[in-house]
Amino acid sequence: MIDMTDVVKRYTLGGETIYALNHISLHVDKGEYVAIIGPSGSGKSTLGSCLNGLIPSSYPGTVTGSLTVDGVDAPKAGVFALSRHVGTVLQDPDGQFIGLTVGEDIAFALENDCMPQPPMREAVDRVAALVGVEHHLGHAPHELSGGQKQRVSLAGVMVDQVKILLFDEPLANLDPATGKQAIELIDEIQKKTDTTVLIIEHRLEDVLWRNVDRIVLVNGGTILADLRPDELLSGSLLAENGIREPLYVTALRYAGVDITPDKHPAHVDSLVLDDTDTQKLRDWFTARPRPAAQPEREPLLEVKGLSFGYQKGQQTLRDVSFSIGKGEMVSIVGRNGAGKSTLSKLICGFETPDAGEIFLNGKPLAEENIRRRAQHIGYVMQNPNQMISKTMIYDEVALGLQRSGLTEEQIQEKVEATLRVCGLYPFRNWPISALSFGQKKRVTIASVLVLDPELILLDEPTAGQDFRHYTDIMEFLRGLNARGVTV
């Protein structure tokens, strides 16, 4: 189905030649289920863009080598011709919706083919039932949860009966339970239709919730490994390239257990351990000391009896009360649609509560507008595209400091220090449009961190981040927290 030989993708930036793909060769057979993994900026999404025709049709740069997709010369075919063979589900489903309702969105490709109404409705009903959204055909896409949006995106490309399904980080904005459901759905569809499936991800443990035939590890624009899951998890390549291996594998390593392919580490259920391995694991687990009790802290943020609903008679939050002490680092957790982001919006003043009060340092926030709240509360949104307003990375991070009274030298020093922390310093003179979704996320975190807020509120800061980068971000936030910032 896919025959990629010696493909090079390069472009020029600031007079320098950048190799996004460097002599890549990849072969995928009909009906195979392949995971393509790699850290942010490794070239895995670029590889996907070659397969669906976005490169060279939509992105600038030079491509050499040969690439055949389902018998078609991909670089010469273009996006439209390749869309008959490759269905792409994007990382951000909102960027893929066209119809005002789920049914319209699924039917879009068929309308363009001038298909008569009766067979069109049959095709839409069939695909909607296949992905489990048959009861949502009259809903607007934006009303759906993250997992439901993924299903609608999948239906929209499957309606063309493509032979290859390409998923670009389908789990980036999903909670673990919804992520597992998405993987189950992809696995089920692959078995029912014998479609060739490629998943571009760095949430490897979630991808391995169901069997994959091979894992292709990409970094620096090259393929470093093309192995069966048991083989790849037995080595050290994942850790060396900033990919988080499944947590049970890490636990085995910490316990001193030797991991080999014959122990079948690809799934926790298939794992084969002897008595010695089991004892090592138990000894490691019981050796961990229990955390000491924390002292009482002076309250910084207090929420009392908070209730809110976007529509009359439907409450997203009901009588929520809690207190966060000065210098605490707190997790607010919950599944998609639980109300986590809504709570953040109420604290920042983007929405007004139906009932209840919010206090900061003992003062009610009801009279404070968004601008005044922002002097004390730094907020990083879930979707980076909703925060970015400048073209260049440096300018975006420096924007909030422009009227702070600091000199240009002081601003530069502060911005560069923050960019180093967020792993963006090498890209400081790059345009934001050249970044991956995960890298854009780090730009928005940097633009808030640079302002030294008293309380920093991050809405899913690790979504779309690879292991190395989200570890760096969490370590940085822990360092900020150690200096007294409440996170």
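**A chat about phenylalanine 308 and the rest of the chain**

Visitor: Let's start with phenylalanine 308. Which strand is it in?

Guide: Phenylalanine 308 belongs to strand β11, which covers residues 299-308. Keep in mind as we go that this is a predicted model.

Visitor: Is that side chain buried or exposed?

Guide: Phenylalanine 308 is buried, because its relative accessibility is 4% and the cut-off for buried is under 20%.

Visitor: What is phenylalanine 308 in contact with, leaving aside its neighbours within four places in sequence?

Guide: There's one group at Gln315, Thr316 and Leu317, then Thr342 and Leu346, and finally Glu351, Thr352, Pro353 and Asp354.

Visitor: And glutamate 357, how far is that from phenylalanine 308?

Guide: Their C-alpha atoms are separated by 11 Å, with the two positions 49 residues apart along the chain.

Visitor: OK, zooming out. How many helices and strands are there in the chain?

Guide: You've got 18 helices and 16 strands. The radius of gyration is 24 Å and the globule rule gives 23 Å for 487 residues, so the chain is as compact as a globular protein of that length.

Visitor: What does the C-alpha trace span along its principal axes?

Guide: About 65 × 60 × 50 Å.

Visitor: How much of the chain is buried?

Guide: Buried residues account for 47% of the 487. As for the outside, the chain exposes about 24,000 Å², and carbon and sulfur atoms supply 51% of that.

Visitor: What about contacts between residues 24 or more positions apart?

Guide: Such pairs make up 67% of the chain's contacts with a separation of 6 or more.

Visitor: And charges? How many positive and negative?

Guide: There are 48 positive and 64 negative charges, and the mean positions of the two sets are 4 Å apart.

Visitor: Switching to cysteines. How many disulfides does a search of the whole structure find?

Guide: It finds 0.

Visitor: Why no bond for cysteine 422?

Guide: Its closest cysteine sulfur is in cysteine 348, and that is 18 Å away, so the gap is too far for a bond. For a disulfide, the two sulfur atoms would have to be within 2.5 Å.

Visitor: Is cysteine 422 buried or exposed?

Guide: Buried, with a relative accessible area of 3%. Cysteine 50 is buried too, at 4%.

Visitor: Next, leucine 137. Where does it lie?

Guide: In the loop between α5 (117-131) and α6 (146-158). Leucine 137 counts as partly exposed, at 21% relative accessibility.

Visitor: What does leucine 137 touch, apart from neighbours within four places in sequence?

Guide: Its contacts are Thr101, Val102, Gly103, Ile106, Val124, Asp125 and Ala128. Take Ile106 from that list: isoleucine 106 is 31 residues from leucine 137 in sequence, and the C-alpha to C-alpha distance is 8.9 Å.

Visitor: Which residues of helix α4 are buried?

Guide: α4 runs over residues 102-112, and its buried residues are Val102, Gly103, Asp105, Ile106, Ala107, Ala109 and Leu110. The cover over them includes α5 and α6.

Visitor: What happens just after α4?

Guide: Cysteine 114 takes a positive phi there, about 60 degrees. For background, most residues other than glycine have a negative phi.

Visitor: Where else should I look for a positive phi?

Guide: Try asparagine 361, with phi near 55 degrees. Asparagine 361 is in the loop between β13 (355-360) and β14 (363-364), and it is partly exposed at 34% relative accessible area. Aspartate 452 also has a positive phi, near 55 degrees, and its loop is between α17 (437-449) and β16 (455-458).

Visitor: Which peptide bond is cis?

Guide: The one from isoleucine 55 to proline 56 is cis, with omega near 10 degrees. Proline 56 is in helix α2, residues 54-57.

Visitor: Last one: aspartate 277. Which helix is it in?

Guide: Aspartate 277 is part of α12, residues 275-287. This aspartate is buried, with a relative accessible area of 5%. Leaving aside neighbours within four places in sequence, aspartate 277 is in contact with Val257 and Lys263.

Visitor: And how far from alanine 463?

Guide: Aspartate 277 and alanine 463 are 34 Å apart, C-alpha to C-alpha, and 186 residues apart in sequence.

Conventions: Residues numbered from 1 in each chain as written. Predicted model: local features only at pLDDT ≥ 70, side-chain atom pairs only at ≥ 80, totals over all residues. Heavy atoms only, no water. Buried < 20%, exposed > 50% of the residue type's maximum accessible area, 1.4 Å probe, protein only. Helix = DSSP H or I, 4+ residues; strand = E, 2+ residues; numbered from the N terminus. Rg over C-alpha atoms; globule rule 2.2 N^0.38 Å. Contact = heavy atoms within 4.5 Å. Areas by Shrake-Rupley, 256 points an atom, 1.4 Å probe, with all protein chains shown as cover. Lys, Arg positive; Asp, Glu negative; His and termini not counted. Charge placed at Lys NZ, Arg CZ, Asp CG, Glu CD.
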